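Reader: Please take one part of this model and go through it closely. I would like the aromatic rings and the helices that carry them.

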Amino acid sequence: MTRTGRPRSFDEDTALQAAMTAFWEGGYTGTTYRDLEQATGLRRQSLTYAFGEKPDLFRRALALYIDQRVRKACALLAQDAPFRDNLSALLNAWEADASSGNGHGCLLVRATAEVGLDPHMTSEIRRGDTLLLQALTQAFDRAQLAGEVPSAAPPEALARLVISVGNGAMTQAVARQDPEVSRAAHDALLSLLT
């Protein structure tokens, strides 16, 4: 069925970017339609018409976050540089998210904690997790072959360690509004792995 009515007078990509930022700052449950209206400059009716109900909008905002931020993190790990430099760049990016003016951390981590069991959200959360896990696993595999990582643990296990420490450190830094929490954890992780 084709929707009829007035043509849209707003840019959908710009509105989705603004909604993503609102969800990133407030989380799924903490972001109201009023917050979304203020962020996008659109009324609830326009948001619903363009994106569906709040869960649909959140899922699309999360997909955008993954395509922008998680893929950027993966690109940091694939740079033609020593493994330690690439891993450090990734951890620095995570620290920047945890210590930014809004201190909102990672939307994927937040979504996992808030709505990770919601079947409506599972596929996007898994997609983001899988992208990062694969990029880290491949980076560890290359680094082990090049002798840059002394650990003989399986690359996927090392990748999961980085994700676990990174997620935990970011969550603690955001909760305490203290970037030193993540810095200390990341420094220790780098010294253990490289």
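Author: What follows deals with the aromatic rings, the charges over them and a helix crossing beside them.

The model is predicted, so local features need pLDDT of at least 70 and side-chain atom pairs count only at pLDDT 80 or more, while totals for chains, interfaces and linings use all residues. Residues are numbered from 1 along each chain as its sequence is written, and side-chain values use heavy atoms, with hydrogens and water left out.

A search of the whole structure finds five aromatic pairs. Rings of Phe, Tyr and Trp (its six-membered ring) pair if their centres lie within 6.5 Å; planes under 30 degrees apart count as stacked, over 60 as edge-to-face and the rest as tilted. One of the pairs joins phenylalanine 23 to phenylalanine 58, edge-to-face, at 4.9 Å centre to centre and 85 degrees between the planes. Phenylalanine 23 belongs to helix H1 and phenylalanine 58 to helix H4, so this pair ties together parts that are 35 residues apart in sequence. Helices here are DSSP runs (H or I, at least four residues), numbered from the N terminus.

Both phenylalanine 23 and phenylalanine 58 are buried; that term means under 20% relative accessible area, with exposed over 50% and partly exposed in between (1.4 Å probe, protein chains only). Phenylalanine 58 counts as buried because its relative accessibility is 1%.

Tyrosine 28 also pairs edge-to-face with phenylalanine 58, at 5.0 Å centre to centre and 65 degrees between the planes. That pair again links distant parts of the chain, tyrosine 28 in H1 and phenylalanine 58 in H4, 30 residues apart. Tyrosine 28 has 15% relative accessibility and therefore counts as buried. Ring pairs thus link Phe23, Tyr28 and Phe58 into a cluster.

The ring of tyrosine 28 also has the charged end of lysine 54 over it, 4.6 Å from its centre. The criterion is NZ of Lys or CZ of Arg within 6 Å of the ring centre and within 35 degrees of the ring normal. The charged end of arginine 44 is likewise placed over the ring of tyrosine 33, 3.7 Å from its centre.

Helix H3 (residues 44–51) and helix H4 (residues 54–77) have axes that come within 9 Å and cross at roughly 65 degrees. Axes are lines fitted to C-alpha atoms, for helices over the stretch in contact, and angles run from 0 to 180 degrees between N-to-C directions. Leu47, Ala50 and Phe51 of H3 make the contact with Asp56, Leu57 and Arg60 of H4, where contact means heavy atoms within 4.5 Å.

Notes
Helix = DSSP H or I, 4+ residues; strand = E, 2+ residues; numbered from the N terminus.
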